[in-house]
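Reader: I am new to this structure and would be grateful for a close look at a single part of it. Please choose one residue and describe its surroundings, then the helices around it.

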Amino acid sequence: MDGHRVSLENTGSSNASLEERSAPHVQDECCFHRSNAGEAMARSESVDTLLASKDGLEAFRTFLKSEFSEENVEFWLACEDFKKTKSSTKIVSKAQKIYSDFIQADAPKEINIDFHTKNHISQNISEPTLSCFDDAQSLIYSLMAKDSFPRFLRSEVYKELVKKRQSANQKRWLPFL
């Protein structure tokens with residue numbers, strides 16, 4: 001995808017930051033700008049890479065906590081875990097936990113989703129399926145990708161992550177360190 005894929009594992013020795021390589025469009029993007037499909041795909045791959053990386057996820061969570069929106073990534077992770085559930089009794093208990101933690105009115109970590117999505121989940125929570133949170137999870141993922149992720153790329157937390165990766169990569173190639 002024309003050099004926009006992000007790899008937190010391979011920051012290399014290039015002076016270009018992950019931000020510059022992964023999403024050069026993000027810096028000028030305003031909340032009213034509609035990005036094209038290619039930009040959306042690059043951002044999505046970048047967020048996916050970040051969420052799949054232990055260090056990246058930890059840094060993103062730290063950043064979201066500083067913005068008082070860590071419930072978004074916590075909800076997304078809970079849904080990912082939920083979708084792997086095999087036991088029908090665990091499906092019910094995990095669904096209830098996700099619902100009470102993130103969806104119901106005045107939940108301790110209530111996520112910001114539209115009325116229609118929240119209502120649909122509320123009506124079906126008594127007989128949950130592994131896909132019952134998919135719409136809400138997609139909305140939250142989109143919110144993180146379009147809103148939180150671009151700000152994360154400009155944050156000090158992100159800059160520290162890049163330094164850590166670059167340092168680790170340099171040490172890997174210098175066996176005497």
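Author: In this predicted model, a suitable starting point is Phe60, which touches Leu50, Leu51, Val73, Met144, Ser148, Phe149 and Phe152, leaving aside residues up to four places away in sequence. Phe60 is also among the residues with the most contacts inside the largest nonpolar core, a set of 36 residues. Leu51, Phe75, Ile103, Phe133, Met144 and Phe152 share that distinction. At least two residues of this core come from each of helix H2 (37-52), H3, H4, helix H5 (88-103), H7 and helix H8 (156-173). H7 provides the largest share, eight residues.

The packing of H7 may now be considered, beginning with its contact with H3. Helix H3 (residues 54-66) packs against helix H7 (residues 134-153) at an angle of about 95°, and their axes lie 10 Å apart. H3 is therefore roughly perpendicular to H7. On the H3 side, the contact is formed by Ala59, Phe60, Phe63 and Leu64, and on the H7 side by Met144, Ser148, Phe149, Arg151 and Phe152. By class, seven of these residues are nonpolar, one is polar and one is charged.

Helix H4 (residues 70-82) also meets H7: their axes come within 10 Å and cross at roughly 140°. This angle makes H4 oblique to H7, and the crossing is left-handed. H4 contributes Asn72, Val73, Phe75, Trp76, Cys79 and Glu80 to the contact, while H7 contributes Ala136, Gln137, Ile140, Tyr141, Leu143 and Met144. Here the classes are nine nonpolar, two polar and one charged.

Methods:
Residues numbered from 1 in each chain as written. Predicted model: local features only at pLDDT ≥ 70, side-chain atom pairs only at ≥ 80, totals over all residues. Heavy atoms only, no water. Axes fitted to C-alpha atoms, helices over the stretch in contact; angles between N-to-C directions. Helix = DSSP H or I, 4+ residues; strand = E, 2+ residues; numbered from the N terminus. Parallel < 35°, antiparallel > 145°, perpendicular 65-115°, else oblique. Contact = heavy atoms within 4.5 Å. Nonpolar A, V, L, I, M, F, W, Y, C, P; charged D, E, K, R; others polar. Left-handed = near helix turned anticlockwise from the far one by under 90°. Core = buried A, V, L, I, M, F, W, Y, C linked by side-chain atoms within 4.5 Å. Buried < 20%, exposed > 50% of the residue type's maximum accessible area, 1.4 Å probe, protein only.
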